[in-house]
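Colleague: I have a chain open and want to go through its packing and its charged pairs. Can we start with one of the aromatic residues?

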Amino acid sequence: MQTEKVVDYIVNWLKDYATNAGVNGFVVGVSGGIDSAVTSTLCAKTGLNVLCIEMPIHQAKSHVSRANEHIAQLQKRFDNVDATRTDLTPVFEEFKTEVFSDGDQAIVDMALANTRARLRMTTLYYYAGLYKLLVAGTGNKVEDFGVGFYTKYGDGGVDLSPIADLLKSEVYKLGEFLKVPSSIMKAAPSDGLFGDARSDEDQIGASYPELEWAMKMDDEGKKESDFSGREQQVFKIYKRYNNANKHKMIPIPICDIPNNLL
């Protein structure tokens, strides 16, 4: 990958899109992870206004410290970057008092995790409307089009996706080039939706390099029976997530009414 040229291409794409849309810049949710760090840096390089927002909800301290370190570094490097913090913990806690939480605890926990992401999306769009900004998505290619590892209308609710055609390994290459803090570069990827530091690999059961391999094999038309051992296990995990999350990756289905009924 020609890293510098890819960076320039994305920055120009962002700038052109924002200019044509008649907006002032971008708003980015900064989590302390590599994807949001790279996305916010790319947005900052456009020279347009960038608002970075940290939105903790019972967040792990390591996530908060990395997010703050990145925002501070970004503001030092770019005078077009502003930042704010919106503590959504009390909003989340109040929400829990108003909804039913009966049934399987694992299902309840997952529903609440997705609620965290949707509260953050609502916050991003509040500030986007306030300052005439676009919400920049932070999803990469493996998450968005491979395993669907994001929340529908949560972190998947964005205006544009600057890194969604890049594999996770490619995002890291951009991160190194863009001088993302080493604490973020070294941290295990995590969605931060459960109030602890559990990694994406802990949840999915496979690492991003393994998922990238499985995505490539799937694109080549390979089947589970073509592999054995760990490779077969990873491919099976990939296909399970890919199939279960298709509803996130395809356009919203529309019921087309036959002309003879209209």
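Modeller: Tryptophan 13 counts as partly exposed, because its relative accessibility is 33%. Buried means under 20% relative accessible area, exposed over 50%, and partly exposed in between, with a 1.4 Å probe and protein chains only. This is a predicted model, where local features need pLDDT of at least 70, side-chain atom pairs count only at pLDDT 80 or more, and totals for chains, interfaces and linings use all residues. Residues are numbered from 1 along each chain as its sequence is written, and side-chain values use heavy atoms, with hydrogens and water left out.

Colleague: Where is tryptophan 13 found?

Modeller: Tryptophan 13 is in helix H1. Helices (H or I, at least four residues) and strands (E, at least two) are DSSP runs, numbered from the N terminus.

Colleague: Which residues form the nonpolar patch on the surface?

Modeller: Tyr9, Trp13 and Tyr17, with about 360 Å² of accessible area together. Areas come from the Shrake-Rupley method with a 1.4 Å probe, and for residues only the protein chains shown count as cover. Patch residues have over 30% relative accessible area and no salt bridge; like charges are joined within 9 Å, nonpolar side chains (Val, Leu, Ile, Met, Phe, Trp, Tyr) within 5 Å.

Colleague: Now the inside. How many residues has the largest nonpolar core?

Modeller: It has 33 residues, and Phe26, Val38, Leu42 and Leu174 have the most contacts inside it. Such a core is a set of buried Ala, Val, Leu, Ile, Met, Phe, Trp, Tyr and Cys residues joined through side-chain atoms within 4.5 Å. Elements that each supply at least two residues include helix H1 (3-21), strand S1 (25-29), helix H3 (61-77) and helix H7 (168-177). H2 gives the most, with 6 residues.

Colleague: What does valine 38 touch?

Modeller: Leaving out residues up to four places away in sequence, valine 38 touches Ile163, Val171, Leu174, Gly175, Leu178 and Val180. Contact here means heavy atoms within 4.5 Å. There is also a second, separate core of 16 residues, with Tyr208, Met217, Val234 and Tyr241 among them.

Colleague: Cysteines next. How many disulfides?

Modeller: The count is 0, where a disulfide is a pair of cysteine sulfur atoms within 2.5 Å.

Colleague: Why is there no bond for cysteine 43?

Modeller: Because the closest cysteine sulfur, in cysteine 52, is 8.2 Å from its own, too far for a bond. Cysteine 43 is buried at 0% relative accessibility, and cysteine 52 is buried at 0% too.

Colleague: Moving on, how many salt bridges are there in the whole structure?

Modeller: The search finds 7. A salt bridge is a side-chain nitrogen of Lys or Arg within 4 Å of a carboxyl oxygen of Asp or Glu. One of them joins glutamate 93 and lysine 96 at 3.2 Å, N to O. Both residues lie in helix H4 (residues 89-97), 3 residues apart, about one turn of the helix.

Colleague: And lysine 168, which residue does it pair with?

Modeller: Glutamate 143, with the closest N and O atoms 4.0 Å apart. Lysine 168 is in helix H7 and glutamate 143 in helix H6 (residues 141-147), so the pair ties together parts 25 residues apart in sequence. Lysine 168 is buried at 3% relative accessibility, and glutamate 143 is buried at 9%.

Colleague: What about glutamate 210?

Modeller: Glutamate 210 forms a salt bridge with arginine 230, closest N and O atoms 2.8 Å apart. Glutamate 210 is in helix H10 (residues 208-219) and arginine 230 in helix H11 (residues 229-244), 20 residues apart.

Colleague: Which residues do shared partners join into one network?

Modeller: Asp35, Glu143 and Lys168.
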